[in-house]
Amino acid sequence: DMRTKVFELPGKLKVEWDPEAKAIVDTWTTYSVSVEEFREAVLVRGVAYAKAHGGRAWIVDAHTAHGTFSQEIQTLIATEVFPTFVEIGIKYFMSINSANALTKMTVNQYTTQAGPAGLTVLNGSSAEGALTWLLAHP
């Protein structure tokens, strides 16, 4: 595993960098996080790392995640997160959905906002599959 650990919210989220694919990989365990935790992990740490290293994709792996984002976080994703991704050069937003029905609704809600923000949205079944796709599409 060539991934570099960027940041972690223990028991909630692991933020990693894949240097080959030039992708941030967010692996979520629970979406029950505060706005402050979310902002720190995504908009501060993740964005800074992606920007510094020429990131072109953001992979969100929610396949084992449970819980739901607050409406405040959903709004933040639509109004700040996705526009910031586009601004720093991220082209692809890749979503691996949860098996949990409620969490799936949370994932679908934010994913619909990515396209209008200017990102190419790809839905996959695993982070590995998403990384393989990126390597095949330099």
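**Entry 1: overall size**

I began with the overall size, and for a chain of 138 residues a compact globule would have a radius of gyration near 14 Å, so the 13 Å of the protein chain agrees with that expectation. I note here that I am working from a predicted model. Along its principal axes, the C-alpha trace spans about 35 × 30 × 25 Å. I then looked up the accessible surface of the protein chain, which comes to about 6,600 Å², with 55% of it belonging to carbon and sulfur atoms. Of the 138 residues, 46% are buried.

**Entry 2: order of the elements**

Next I went through the secondary structure and found five helices and six strands in the protein chain. Read from the N terminus on, the elements run β-β-β-α-β-α-β-α-α-β-α. I also looked at how far apart in sequence the contacting residues are: among contacts in the protein chain with a separation of 6 or more, 74% are between residues 24 or more positions apart.

**Entry 3: charges**

I looked up the charges of the protein chain, which has 11 positive and 14 negative ones, and the mean positions of the two sets are 3 Å apart.

**Entry 4: a backbone angle at K22**

What is the phi of K22, which is not a glycine? I found a positive value of about 55 degrees. I wrote this down because most residues other than glycine have a negative phi. K22 lies in the loop between β2, residues 13-18, and β3, residues 23-28. Its relative accessibility is 36%, so I count K22 as partly exposed, a class that runs between the 20% and 50% cut-offs.

**Entry 5: aromatic pairs**

A search of the whole structure gave me 13 aromatic pairs. For W28 and F69 the ring centres are 5.3 Å apart and the planes stand at 85 degrees, so I record this pair as edge-to-face. The pair links distant parts of the chain, since W28 belongs to strand β3 while F69 sits in the loop between β4 (57-61) and α2 (71-87), 41 residues apart. Are these two residues buried or exposed? W28 has 2% relative accessibility and so counts as buried, and F69, with a relative accessible area of 8%, is buried as well.

I then turned to F82 and F93, which form an aromatic pair that is edge-to-face, with 4.9 Å from centre to centre and 70 degrees between the planes. F82 lies in helix α2 and F93 in strand β5 (residues 92-96), so this pair ties together parts that are 11 residues apart in sequence. F82 is buried at a relative accessible area of 1%, and F93 counts as buried at 2% relative accessibility.

Which residues form one aromatic cluster? I listed W28, Y31, F38, W58, F69, F82, F85, F93 and Y110, so both of the pairs described above have their residues in this cluster.

**Entry 6: the surroundings of L119**

My last entry is on L119, which is found in the loop between α4 (114-117) and β6 (120-124). Although it is in a loop, L119 has a relative accessibility of 6% and therefore counts as buried. Leaving out residues up to four places away in sequence, I found that L119 touches F82, F85, V86, I90, K91, Y92, F93 and A114. L119 and F82 are 37 residues apart in sequence, yet their C-alpha atoms are 7.7 Å apart in space. F82, F85 and F93 are among the residues that L119 touches, and these three also belong to the aromatic cluster.

Key: Residues are numbered from 1 along each chain as its sequence is written. This is a predicted model: local features need pLDDT of at least 70, side-chain atom pairs count only at pLDDT 80 or more; totals for chains, interfaces and linings use all residues. Side-chain values use heavy atoms; hydrogens and water are left out. Helices (H or I, at least four residues) and strands (E, at least two) are DSSP runs, numbered from the N terminus. Buried means under 20% relative accessible area, exposed over 50%, partly exposed in between (1.4 Å probe, protein chains only). The radius of gyration is taken over C-alpha atoms; the globule rule is 2.2 Å times the number of residues to the power 0.38. Contact means heavy atoms within 4.5 Å. Accessible areas come from the Shrake-Rupley method with a 1.4 Å probe; for residues, only the protein chains shown count as cover. Lys and Arg count as positive and Asp and Glu as negative; His and the chain ends are not counted. The place of a charge is taken as NZ of Lys, CZ of Arg, CG of Asp or CD of Glu. Rings of Phe, Tyr and Trp (its six-membered ring) pair if their centres lie within 6.5 Å; planes under 30 degrees apart count as stacked, over 60 as edge-to-face and the rest as tilted.
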